[in-house]
Amino acid sequence: MPQQDLSEWDEDLVVSVDQEYIALLRSIRWAKGFGLLFVQCSPAEGKRLIERIQGDVGGKRFNQLMLDGSVTDLYELLQSRPEVPQSDVLFLTGLEKSLIEYMEPGPQRTYTAQDFYAEDRIPRLLGQLNLQREILKETYPLCFVFLVPRYVVKYLVRKAPDFFDWRAGVWEFVSPQEEIEKQSQQILQGEYEQYLDWSSTQRRKRIFEIEDLVSESNFADNEIISLRIEQGNLCVADERYKEAFESFDAALATKPDDHTALYNKGLSLNNLGYYEAAIASYDAALAIKPNDYIALNNKGNSLSHLGRYEAAIASYDAALAIKPDDYVVLNNKGSSLHNLGRYEDAIHFYDAALALKSDLHEALNNKSCAYALLNKPDEALKYLKKAIELAPERYIELAKADTDFDSLRNDPRFQALIQSLSQNS
């Protein structure tokens with residue numbers, strides 16, 4: 001591609017070329033000595049920009065550096081790259097990988113700068129850059145062009161405003177709508193179970209990517225709702241229930257009667273300990289889909305947390321009327337009966353759950369507790385042993401602390417069982 005001389009501008013060029021690109025091109029063309037430029041764009045857009053800039057600017061030596069993984073010392077990395085001193089312009093991508101672990105996700109519409117990012121943590125990369133500011137300028141008198149997503153620019157503006165004092169500028173490039181749509185569809189193909197297998201860093205990166213998509217796109221309401229729900233699911237998988245609640249609430253701001261958002265909002269509120277609010281959210285979801293037995297089960301769980309065991313049983317019964325063979329609901333109903341002191345009735349429902357899933361360790365442990373409270377140590381020890389064998393990391397410590405087993409504390413068989421299984425776990 002022939003090189004364009006951009007040292008002089010004519011009216012035709014200004015009219016025909018995007019103003020943002022012209023301004024960026026001018027800054028790179030005129031750059032002398034050390035400088036930092038930040039280009040806000042998607043990875044695909046960044047790739048196109050690098051190719052275009054190298055074609056449009058003559059008389060400059062260009063190089064590219066991908067930051068693979070988290071980098072703590074950029075100066076040290078540059079020292080290991082002999083091609084860097086031979087550059088006039090160095091494009092850097094992947095900066096977000098060094099910052100993401102320090103960033104706290106959540107829908108920006110309800111978050112202050114203090115809430116949105118971890119205020120008590122400074123990324124090691126930024127800390128090192130501040131310490132090495134002068135030596136970096138002296139050693140590498142070239143133009144650094146960081147190509148980063150929108151959420152990184154927002155983070156730097158809020159967390160490290162002094163970073164922009166290094167002769168820096170910021171340019172924003174939005175991807176074509178069809179590319180944004182494609183990225184959205186790829187994200188919406190994700191599954192919650194898949195997110196559980198991801199690292200926390202992977203989940204947070206995807207949460208921020210969704211925030212950027214929603215911020216810079218012209219999506220229809222239904223796609224915004226889907227993206228917010230997906231964002232909420234990622235937050236739940238990362239055990240960030242406050243952020244999950246905010247994501248589902250953001251979806252409901254667009255469509256207040258969205259059943260999935262209402263149900264998931266209830267789950268988040270329950271995990272935050274706001275049981276009354278969770279029940280209200282489940283009720284709103286059930287008003288739309290009365291036969292949602294999972295929502296009925298979870299409503300029962302919230303009622304149980306509030307000690308309203310009779311109401312919880314009524315909710316579990318409504319769920320069982322729709323799906324009588326759900327072992328989770330059967331076990332949960334047993335737990336509420338257990339909490340009412342109706343241990344024989346509770347055992348009946350634990351048995352019903354175990355008939356459907358014989359290795360349901362929650363039901364085995366609950367059944368053991370009920371037998372202990374009925375002063376039937378042989379049965380209690382039998383089922384406790386089975387529960388511990390299935391999930392030793394959970395039930396050994398639980399058995400030591402659970403008051404339901406107080407009647408067994410001095411029983412040598414109980415002590416021997418705990419000791420034996422502790423050694424084998």
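Here are some worked exercises on how helices and strands fit together in a predicted model.

Before you start: local features here need pLDDT of at least 70, side-chain atom pairs count only at pLDDT 80 or more, and totals for chains, interfaces and linings use all residues. Residues are numbered from 1 along each chain as its sequence is written, and side-chain values use heavy atoms, with hydrogens and water left out.

**Exercise 1. The sheet**

Task: Work out the order of the strands in the open sheet, and which strands stand at the edges.

Solution:
- Step 1. Get the vocabulary straight: strands (E, at least two residues) and helices (H or I, at least four) are DSSP runs, numbered from the N terminus. Two strands pair if DSSP finds at least two bridges between them.
- Step 2. Read off the order: the five strands run β2-β3-β4-β1-β5, with parallel pairing.
- Step 3. Look at the ends. β2 and β5 (168-172) each have a single partner strand, so one side of each has no neighbour in the sheet.
- Step 4. Add the twist, which averages 20° from one strand to the next. Angles like this run from 0 to 180 degrees between N-to-C directions, and axes are lines fitted to C-alpha atoms, for helices over the stretch in contact.

**Exercise 2. From β2 to β3**

Task: Find how many bridges join β2 to β3, and describe the route of the chain between these strands.

Solution:
- Step 1. Recall the background: strands of a sheet pair through backbone hydrogen bonds, either parallel or antiparallel.
- Step 2. Count: β2 (residues 62-66) and β3 (residues 89-93) run parallel and share five bridges.
- Step 3. Check two partners. Phe62 is bridged to Val89 in β3, while Met66 stands opposite Thr93 in β3.
- Step 4. Follow the chain: it leaves β2, passes through helix α4 (residues 74-79) and reaches β3, a β-α-β crossover that is right-handed. That word applies if, with the strands pointing away from you, the path from the first strand over the helix to the second runs clockwise.

**Exercise 3. α2 meets α3**

Task: Decide how α2 and α3 are oriented to each other, and say which residues meet.

Solution:
- Step 1. Take the geometry: the axes of α2 (residues 19-30) and α3 (residues 43-56) come within 11 Å and cross at roughly 60°.
- Step 2. Classify. Under 35 degrees is roughly parallel, over 145 roughly antiparallel, 65 to 115 roughly perpendicular, and the rest oblique. So α2 and α3 are oblique to each other.
- Step 3. Add the hand: this crossing of α2 and α3 is right-handed. Here that means the near helix is turned clockwise from the far one by less than a right angle; anticlockwise would be left-handed.
- Step 4. List the contacts (heavy atoms within 4.5 Å): Tyr21, Leu24, Leu25 and Ile28 of α2 meet Leu49, Arg52, Ile53 and Asp56 of α3.
- Step 5. Sort the residues of this contact: six are nonpolar, none polar and two charged. (Nonpolar covers Ala, Val, Leu, Ile, Met, Phe, Trp, Tyr, Cys and Pro; charged covers Asp, Glu, Lys and Arg; the others, Gly among them, are polar.)

**Exercise 4. Two partners for α18**

Task: How is α18 oriented to α17, and how to α20?

Solution:
- Step 1. α17 (residues 309-322) and α18 (residues 327-339) have axes that come within 9 Å and cross at roughly 160°, so α17 and α18 are roughly antiparallel.
- Step 2. The axes of α18 and α20 (residues 361-373) come within 10 Å and cross at roughly 20°, so α18 and α20 are roughly parallel.
- Step 3. For the hand, α17 and α18 make a left-handed crossing, and α18 passes α20 in a left-handed crossing.
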